[in-house]
Amino acid sequence: MMVGKFTDPAFTNTKVMMDSQEKRYETTAQVIDRVKELAQSEETPAKEEVDLLKSLFYKLHSQERDQQLKDYLNAGGDPEKYVVRPDDGEAVFKAEMAVIREKRQKVYLEQEAEKQENLKKKLAIIETIKGMLTSPEEANAKYQEFKQLQQEWKEIKAVPAENATELWRSYQLYVEQYYDLLKLNSEAREYDFKKNLEAKTALCEAAEKLADEEDVINAFHRLQELHQEYREVGPVAKELREEIWTRFKAASTVINKRHQQHFEDLRAVEEENLVKKTALCEKAEAIVSADCQNSAEYEKMTKEIIALQAEWKTIGFAPQKNNVKIFERFRAACDTFFQKKTQYFKDMKERFAENAARKQALVEKAKSLMDSTDWKQTGDILQQLQKEWKEIGMVPKKQGDILWQEFLGACNHFFEARNAATAGTRNEEKENLAKKRDIITRLEQLAEEAADGLQQKMQQLIEEFNAIGHVPFRDKDKMYDDYHAALDKVHKVLNADSQRRRMDNFKQNIKSVAKKGEQAVDNERTRLQRKIETMKQELKTYENNLGFLSISSKKGNSLLDEMNRRMEKLKADIELFKQQLKELNESK
C-alpha cells in the first residue's frame, strides 16, 4: 500500500495525457511552443507532461533531420556533399526546459515546507487527544472538542511521505482509545460506529470495484484517494475494526499488485528497447570507426547509417533515465559519421584540384617540347613526364579525360615526327638485333655440346657480339637478359669441367703428400681450410658490394652480371675445396 506519495498539483491522468500529446504534436516547433507556454505560465507543469515533451522533442527532432536528408536526396542533391544544418531550436528547447526545472524545484520545496508544517499540526492534535485519555469523565466532558479536532485533522493536507503511515497509526490508536473511554449514552456512540462502518464498507466496495478498472494507472491513483478518505473516517465497533481493515487492505493489495506488474511489464519492454537501441549505437559507432578508403565505401556506409536510423524509429521508448542519453549517443555517432564523410570529400576535392594542377603543368611541358628535333634528349624527357603522370593521383573523370587527351596528343606529335625522321636507323637496329640473337643461339648450342676449345669459341662469339651496333631500345633489356643467360650456361659447363679436372689432380697429389708424413698432411689440411675461409670472406665482400650496386644499377648492367658470375665461381671453388678437404681426411 502506498501512502503519503507526492502528487503534482497539476497532475493529469498519465495515459490520457500521453495519448493526446502524441496526436497533438507533429513538429519540434509545436513542442517548443508548448514548452515556452509552460515556462511562462504561473501554474506548475506536471512532471509527466514535461517528461513526455522532452521525449517527443528528440523523437521529432530525429525525424525532421532524416526528412531533411531525404528531401535533399530527392531533389537530386549529392549525398557526398550533404551537411547537417545547425538547429537553433534545440538550444531554445533546452533553455526553456531549464526554466521549467527551476519552477518545479521551487514548488517542490514550498510543498515540502508545507508538509512539515502540516506534520507539526497533526502531531499537536495527537498530543491534545492523548491529553483527553485521563478518565472516562474527562473524555465525556471534552467530546465536542474531540469532534472539532477530528474535523481539523481532515482539513489538514499532506505530510512528508516518510511520516505519513506512522502518523496515521498513532492518530487512529488514540482516537480508538478515546472512543473506548467515552461514557456518553450508548445510542450516540453506537450511531457513530454504525455511520463509520457504513462509510468504511462503501470504501471497501469502491476499492474492490477498482480491480475491474481497465486503466491500471487511474485505478491506482483512485485507490490513493480512497485511502485518504478511509483515514479520515472515525472508528467502528472494537470487534469489527480488524475485520473491516483486513477487507480494505485485501482490496488494496489487488490494485497495488496490478499497478506494480504494469510498471514491471513496461520497464521490461523499455529495457528491451534500450538493449536494441544500444546495439544500434554500437553498430553506428563501428561504422564511424571504420577506415573508409574511397567514395564507394562511404556511399555503402551512408546507406547502412540511414538503415539504422530507419530501424531506430521502429523501436519504442527506453527507460526514462536512459531515453535521452541513448538517443544523444546514437545521434552523436550519426553526426560524427556525416561530418567525417563531409571532411573526406572536402579533402578529396582539394587533392583532385592539386592533382589536376600537376597534370596541367605536365601538359604544358609536353606541349613546349612537341616540336623539338633533339630526338634523344626530348624523347627521354617525355618518357620521364609519362612516368610522372602515372604517379599523380586521380582527378574528376571529365577533367581527367580532357587533360589526358592534351598530354597524349603532345607526346604522340613528337614521337610520330621522330619515327618519321629515324626510320632508316630503326631498320639497322632491327638487323643488329637479329645478328645478336643469332650469336645467343650459338652460345646456347656451345653449352649443350661442351666440345673441346669451348673457352676460345665462347670468347670469339663475345667479341662478335660486342662488335655489333645498337638494337631497338624496347628489345634491349630482353636481348641482354638472354645473352647473359646463355653466357652463364657456357660458364657453368667450363666451371664443371675445370672442377672435375682439379679434383682428379688433387686425388693423385694426395698420395705423394701422404708419403711425406703426417706433418705434410696437416700442412695441406691447414692450407685448404685457410683457402676456404679466405674465399668465404671474398664472397661476403662481393655480396655487400652487390647490394650497393643494385640500388642504382639498371637491369642487365654488365658489371653486375660479371660480379654475379664471380660469386658463382667462388661458391663452386669453396665447394671444391670442401670436397678436397673431405677426401684428404678420408685418405688416412
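A salt bridge is taken here as a side-chain nitrogen of Lys or Arg within 4 Å of a carboxyl oxygen of Asp or Glu. Arg222 and Glu225 form such a pair, with their closest N and O atoms 3.0 Å apart. The model is predicted. Across the whole structure, a search finds 23 salt bridges.

The Arg222–Glu225 pair lies within helix 9, which spans residues 216-232. The two residues are 3 apart in that helix, so about one helical turn separates them. Arg222 has a relative accessible area of 31% and is partly exposed. Glu225 is partly exposed at 44%. Both values lie between the 20% cut-off for buried and the 50% cut-off for exposed, so neither residue falls in either class.

Other salt bridges join separate helices. Arg247 pairs with Glu208, and the closest N and O atoms are 2.9 Å apart. This pair links distant parts of the chain: Arg247 belongs to helix 10, Glu208 to helix 8 (residues 186-209), and their positions lie 39 residues apart in the numbering. Arg247 is partly exposed, with a relative accessible area of 32%. Glu208 is likewise partly exposed, at 34%.

Helix 10 also carries Glu285, the partner of Arg329. Their side chains meet in a salt bridge with an N to O distance of 2.7 Å. Here too the pair links distant parts of the chain. Arg329 sits in helix 12 (residues 320-369), 44 residues from Glu285. Arg329 counts as partly exposed at 32% relative accessibility. For Glu285 the relative accessible area is 31%, again partly exposed.

A further set of charged residues forms a network. Arg34, Glu37 and Glu49 are linked in it by salt bridges.

Lys249 is another residue of helix 10, which covers residues 241-289. The relative accessible area of Lys249 is 39%, so this residue is partly exposed. In sequence, Lys249 and His227 are 22 residues apart. In space, their C-alpha atoms are 9.5 Å apart.

Helix 10 thus recurs in this account. Arg247 in helix 10 is tied to Glu208 in helix 8, and Glu285 in helix 10 is tied to Arg329 in helix 12. The Arg222–Glu225 bridge, in contrast, has both partners in helix 9.

Technical notes
Residues are numbered from 1 along each chain as its sequence is written. This is a predicted model: local features need pLDDT of at least 70, side-chain atom pairs count only at pLDDT 80 or more; totals for chains, interfaces and linings use all residues. Side-chain values use heavy atoms; hydrogens and water are left out. Helices (H or I, at least four residues) and strands (E, at least two) are DSSP runs, numbered from the N terminus. Buried means under 20% relative accessible area, exposed over 50%, partly exposed in between (1.4 Å probe, protein chains only).
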